[in-house]
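This report considers how charged side chains pair and how nonpolar side chains gather in one protein model. The structure comes before the discussion.

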Amino acid sequence: MKPGHGHALFTAECSHTFHFACIASNVKHGNRVCPVCRAKWKEVPLQGIHSEPLRCRARISPLNWPQQQDGWTTILPRLPPARPPHPEAARRVTEPAVFADDEPLEHRSSGENGSGGENGNEPTLAEVEIAAGNSQATDSRGKLAQGSGGHQGREVDSTSVQLKMFPEFSAIPCSEFREKFSVLVHLKAPCSSAKQQQSQRTWNTGNPSQTPDMPRDRAPIDLVTVLDVSGSMAGTKLALLKRAMGFVIHNLGPMDRLSVIAFSSTARRLFPLRRMSEGGRQFALQAVNGLVSTGGTNIAEGLKKGAKVLEDRREQNPVCSIILLSDGQDTYNVGNRRQVSILSNSRRVLDYQSLLPGSIRQPAEQGNIHIPVHTFGFGTDHDSASMHSISETSGGTFSFIETESIIQDAFAQCIGGLLSVVIQDMQVIVTCASSGVQLNTIQAGSYVGNILEDGHKGLVKIGDLYAEEERDFLVHVKLPPFRKPEESTTVNEMKMLEVICSYKDPVSQETIQTPVTELSIRRPDYVSSNEQVVCLEVDRQRNRLCTAESIAEARALADRGDLTGAQLVLGIRRRALQASQAAQAGDQLCSSLEAELKQIQDRMASRQLYETSGRAYALSGLSSHSWQRATTRGDSSDSVSLVYGSYQTPTMVDMLMRSQSICPVPQDVTSRSLLPSRSFPVPEARPSHQISDPEMPLPPPAWREPSQRVSELHANTK
């Protein structure tokens, strides 16, 4: 029980909370089903109706854990059948040598494939474009004809990829030669059909169990969560992780599949890939709720088993990903960060790469699909360098969960993106359109950008995009003097670049190619001073890329012990940002970047502060900037959160709001950081009264008024 506002509260194993008196009366009459989510309870509140003593165990938190959390400890009676005498007995399940036991997919009928509506009669993308007068619509093979009428800033409807180009200057004198002229290429993914249908559907955000049906044209996902359950996760950390996993389970659709890997000294698969139907959700919730913490931290073993689940599956959903959470350092493979501090930075990075299975580290060579690993460092004692290296190598993101109250929000934002993939395997081809124009370099962050054909062509591999997600990269070209055509003395426009995109639709599996988009600039004899003003879009993206480079440089200096030099690098970049054209024009991104650099400077004030939060804070920001994808870092309440809001997509925001409406952050824990606690390499025997109960219910999923929860109970029992 949890006391609150003068009333005793009961938290069920499904994580819903009720007034004890109300729910006890309900159970007394034989009802052992949750009134909210209809989950069957194994543990129920009893109020003096049993004469025998209650057989129960309380969850034990570490001695150094804040005393405020004691109110979350719940003591409940056990109902027959009795649980095994030791938690290890419940975990002794023989795993198959090959994980080919995934639950079969729910195959759609032919009329429901693609982007069809409820009746399978909705128009396809090609039909929509043809009806709108676009003659360059997809044919039966999903190909787009290459047109010649593209132009700068070409607008496309919301069902297509938007592609725009912005030159650094709108005009260059025809006699000038530019060694490095910058062009911004901007991409924006189409919105998801779920957003289009949202206005016709009412979501009950107050009840996590009432998850709307998955849109028929949303790409389903195979998700594997690899969770740290080492000894350092004991107590409230594990309880918060269970609650966050409950949110993930409730928000996956019936065509999505989930598998959970728990690792400590070794790794075990809780269950194979299962569809999150009503029965699948109940099974997953019970499995996650039975987790106990013990042993050391073997991240490599957990990743190996998580990758094996996706490698061995018999059937595949269009989207797949791994979510990895850990609060400590790998004590079996890399060793403690402080123990290997004498190694060079390159040697340590090599060790971190070894944590990834070959199928994730080199998918092209292994002939496997791309499996991004999104890593979450929980608390102030995790190895942020290792977690960042794992995510960077696999194409995922790294989030730093500094305070205990935001773990569910961090998971919510991540799955909000994963559940809205609308583009896969995107590639952007940039071609020089005039003689003498040559590509120098492509600045695309962590995305692979190659210069081909002696600078005549460039290729950028973007990969997957979430709904309405944007990507920006700078192309630097050599711009020769311009000679007007002999037959005309008035033409002063010079064609510079042509850009075309190709990608795969994750639902229909069709390959789509966009029309050619061209960029031309004016090359008059003379250019006025007004035309020599740098384009603000180009300047702001240059500021973003330079900021990421400065963060990476400062982090390298700090890792070598030169905190003064690191702060100097950040200070120089801050002053350059303030003097930029975009900042002078009041650009919000530049203001957020400057505030972010100040925050990182503050976290490099001392070696201890840098080790506990500075490194993780900087690496999480670097991950977000390099992939242009939202991450969670710190306590999410700092003043620079706006910079990460620029990468958030509408589906991420919707899922985040859903999480916060279910579980608002209490005022008294917003700024409380997780205390460092270490796991141990070899499990030690514990007295029986200290063994955590594998079926102990979760802590309260929300800090809501008791009256609100009671009203939900009465509303659902009428």
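Aspartate 539 and arginine 542 both belong to helix 13 (residues 536–559), where they sit three residues apart, about one turn of the helix. In this predicted model, their side chains meet in a salt bridge with an N to O distance of 3.8 Å. The two partners differ in their surroundings, since aspartate 539 is buried with a relative accessible area of 7%, whereas arginine 542, at 22%, counts as partly exposed.

A pairing within one helix is also found in helix 16 (residues 588–602), where aspartate 602 and lysine 598 are four residues apart and thus separated by about one helical turn. Their side chains form a salt bridge at 3.0 Å, N to O. Aspartate 602 is partly exposed at 38% relative accessibility, and lysine 598 is likewise partly exposed at 34%.

The salt bridge between the side chains of aspartate 256 and arginine 218 has an N to O distance of 2.8 Å. Aspartate 256 lies in the loop between helix 5 (236–251) and strand 7 (257–263), and arginine 218 in the loop between helix 4 (193–198) and strand 6 (221–228), so this pair ties together parts that are 38 residues apart in sequence. Aspartate 256 is buried at 0% relative accessibility, and arginine 218 is buried at 10%.

The three pairs are set out below.

| Acidic residue | Basic residue | N to O distance |
|---|---|---|
| aspartate 539 | arginine 542 | 3.8 Å |
| aspartate 602 | lysine 598 | 3.0 Å |
| aspartate 256 | arginine 218 | 2.8 Å |

Across the whole structure, a search finds 29 salt bridges. Beyond single pairs, Asp102, Asp222, Arg257, Arg313 and Arg314 are linked in a network of salt bridges.

The nonpolar side chains can be considered next. In soluble globular proteins, such side chains tend to be buried together. The largest nonpolar core here has 48 residues, of which Leu241, Leu258, Leu325 and Phe411 touch the most other members. Helix 5 gives the most to this core, contributing eight residues. When neighbours within four places in sequence are left aside, leucine 258 is in contact with Leu223, Thr225, Met245, Ile249, Leu252, Phe271, Pro272, Leu273, Arg274, Met276 and Ala284. A second core, separate from the largest one, has 44 residues, among them Leu310, Ile371, Ala554 and Ala558.

Technical notes
Residues are numbered from 1 along each chain as its sequence is written. This is a predicted model: local features need pLDDT of at least 70, side-chain atom pairs count only at pLDDT 80 or more; totals for chains, interfaces and linings use all residues. Side-chain values use heavy atoms; hydrogens and water are left out. A salt bridge is a side-chain nitrogen of Lys or Arg within 4 Å of a carboxyl oxygen of Asp or Glu. Helices (H or I, at least four residues) and strands (E, at least two) are DSSP runs, numbered from the N terminus. Buried means under 20% relative accessible area, exposed over 50%, partly exposed in between (1.4 Å probe, protein chains only). A nonpolar core is a set of buried Ala, Val, Leu, Ile, Met, Phe, Trp, Tyr and Cys residues joined through side-chain atoms within 4.5 Å. Contact means heavy atoms within 4.5 Å.
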